[in-house]
Amino acid sequence: MSSWLRWCAWLALWVALPCLAQQQVHSIDPAQSRFGFEIKTRFGMKVEGLFPRFRGEVVTLDDGRRQVRFRLDATQVEIPGKDRYTSWLRGEDFFDVGQYPVVEFESLPYLAEVVKQGGDVVGNLTIRGITHLETLHVSPSECSRPGYDCDVISRGTVLRGHYGMNAWQMALGDRVTFILRGRLQEQEAPRP
């Protein structure tokens with residue numbers, strides 16, 4: 001590597017390190033959070049499911065904006081008490097967990113006030129290897145420390161046909177609403 005390229009690489013690292021150091025990562029608490037969804041049948045009934053296993057985090061960027069990321073384990077998706085529906089949900093016609101075991105969402109940066117006042121968080125949702133820009137609508141907070149003293153509640157509706165889940169059109173509607181109730185893990189205080 002030439003000395004010019006080496007110098008450019010060190011300069012880029014020197015500029016990036018302060019930005020990386022200022023980012024804070026807050027894990028979504030899996031014990032207190034719930035990631036679910038609902039879909040309506042053509043007969044007006046509502047089917048509710050959930051993702052019992054997931055990982056997520058909220059990153060505070062150096063400019064104060066936030067970014068949320070989560071990975072839902074589709075191999076564990078279930079409709080509680082309905083083994084047959086759960087099996088179908090994990091199968092090729094819906095999530096196809098054998099090929100696509102994870103559902104992922106990564107937001108674009110958003111203002112921190114959104115979790116207090118309510119508003120939209122836009123990001124990339126990937127289901128079955130297909131990615132689309134989708135919107136989560138965050139409800140106004142019910143407490144002064146949302147995510148710690150109360151849930152951050154958001155909902156986002158997607159069209160399952162956009163993600164290759166076209167089966168059962170006669171029985172199920174195309175709209176799937178994801179409902180996320182999130183809590184963050186408390187950060188440990190730094191040791192003196």
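## A buried charge, a one-sided helix and two cavities

Aspartate 29 is buried (under 20% relative accessible area, 1.4 Å probe, protein chains only) yet has no salt bridge (a side-chain nitrogen of Lys or Arg within 4 Å of a carboxyl oxygen of Asp or Glu). The nearest side chain of opposite charge, arginine 183, is 7.8 Å away. This is a predicted model, in which local features need pLDDT of at least 70 and side-chain atom pairs count only at pLDDT 80 or more, while totals for chains, interfaces and linings use all residues. Residues are numbered from 1 along each chain as its sequence is written, and side-chain values use heavy atoms, leaving out hydrogens and water.

You will find aspartate 29 in the loop between strand 1 (24-27) and strand 2 (34-41). Leaving aside residues up to four places away in sequence, aspartate 29 touches (heavy atoms within 4.5 Å) Phe54, Arg183, Leu184 and Gln185.

Now let's turn to helix 2.

| Group in helix 2 | Residues |
|---|---|
| Buried | Thr86, Trp88, Leu89 |
| Exposed (over 50% relative accessible area) | Asp83, Arg84 |

Seen down the axis of helix 2, the buried residues fall within an arc of 165 degrees (using directions from the axis to the C-beta atoms), so they line one face of the helix. They pack against strand 2 and strand 10 (172-182).

Finally, there are two cavities of 30 Å³ or more, a cavity being a set of points on a 1 Å grid where a 1.4 Å probe fits but cannot get out. The largest cavity has a volume of about 110 Å³. Of the 13 residues that line the largest cavity (an atom within 4 Å of a point), the closest to its centre are Phe70, Phe105, Leu125, Leu136 and Phe178.

Note on methods. Helix = DSSP H or I, 4+ residues; strand = E, 2+ residues; numbered from the N terminus. Lys, Arg positive; Asp, Glu negative; His and termini not counted. 1 Å grid on protein atoms, 1.4 Å probe; cavity = no way out; pocket = protein on both sides within 12 Å on 5 of 7 lines; lining within 4 Å. Points joined across faces, edges and corners; volume = space filled by probe spheres on them.
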